[in-house]
Amino acid sequence: MSSLTLVAHALTPALRGLVLGGAAEPDPASVEAARELKLDADATYAGPEPAAVRTAEALGLTPVVEPALRDRDYGEWSGRGLEELLTADPTRVAAWLERPHTATPGGETENDVITRVADWLGDLVAGEGNKFVAVVHPAVVRAVVLYVLDAPAESLRHVDVRPLATVNLSHHTGSWSLAFG
């Protein structure tokens, strides 16, 4: 049996300000709080965002940066705040928020992200008995949870992932499961 602990990266100004995408540096206090988490792994992965890499390093782990674990691509809306977007184009943004299976202009759908992380999870389990940690953007944690539960993209709004939250998964008999305990 393999196990995977997902860790949502440290708080960033972008997360605090509801900014879509981007590569913001993590909040120093949140990185310091990450040092309190005690995790060990045979292999550690991180999304390419600076906050993911810095959080993994604060955990005392040396991550392999994995492009498949990147935040959702928001296309033309990347780097823009949700409030700004709601003011500029309220109808389009409201429609996108209500239907996460749709993409932002030039971006990915939630289903695209779910498929991307599902492919990565499939590649990860080549060896059994491994203990993995992946430090990623909260949007990636949500996508993994939706995939493991076989939940539709519309369930996205029911999965709240805060900075430094952890989710444990186990892999046996060919599939991933949420692991409590």
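Trainee: Which residue follows H7, and what is its phi?
Mentor: This is a predicted model, so local features need pLDDT of at least 70 and side-chain atom pairs count only at pLDDT 80 or more, while totals for chains, interfaces and linings use all residues. Residues are numbered from 1 along each chain as its sequence is written, and side-chain values use heavy atoms, with hydrogens and water left out. Helices are DSSP runs of H or I with at least four residues, strands are runs of E with at least two, and both are numbered from the N terminus. After H7 comes Asp-150, with a positive phi near 55 degrees.

Trainee: How far apart are the end C-alpha atoms of H7, and what span should its 12 residues have?
Mentor: The expected span of a helix is 1.5 Å times one less than its number of residues. For the 12 residues of H7 that gives 16 Å. The end C-alpha atoms agree with this, as they sit 17 Å apart.

Trainee: How many residues of H7 are buried?
Mentor: Buried means under 20% relative accessible area, exposed over 50%, and partly exposed in between, using a 1.4 Å probe and protein chains only. The buried ones include Pro-138, Val-141, Arg-142, Leu-146 and Val-148. H7 is largely enclosed by the rest of the structure, because the buried count is 10 of 12.

Trainee: Which elements do those buried residues of H7 pack against?
Mentor: Contact here means heavy atoms within 4.5 Å. The partners of the buried H7 residues are strand S1 (2-8), H1, helix H6 (110-124), strand S4 (131-136), strand S5 (166-172) and strand S6 (175-178).

Trainee: Which element gives the largest share of the largest nonpolar core?
Mentor: A nonpolar core is a set of buried Ala, Val, Leu, Ile, Met, Phe, Trp, Tyr and Cys residues joined through side-chain atoms within 4.5 Å. This one has 28 residues, and at least two come from each of S1, H6, S4, H7 and S5. With 7 residues, the largest share belongs to H7.

Trainee: Which members of that core touch the most other members?
Mentor: Trp-120 is one of them; leaving aside neighbours within four places in sequence, its contacts are Leu-4, Tyr-45, Glu-66, Ala-68, Leu-69 and Ala-134. So the list of its contacts includes the other residue you're after. The pair is Leu-4 and Trp-120.

Trainee: How many residues are in the other core, apart from this one?
Mentor: Val-31, Ala-34, Val-53 and Leu-59 are among its members. Its count comes to 14 residues.
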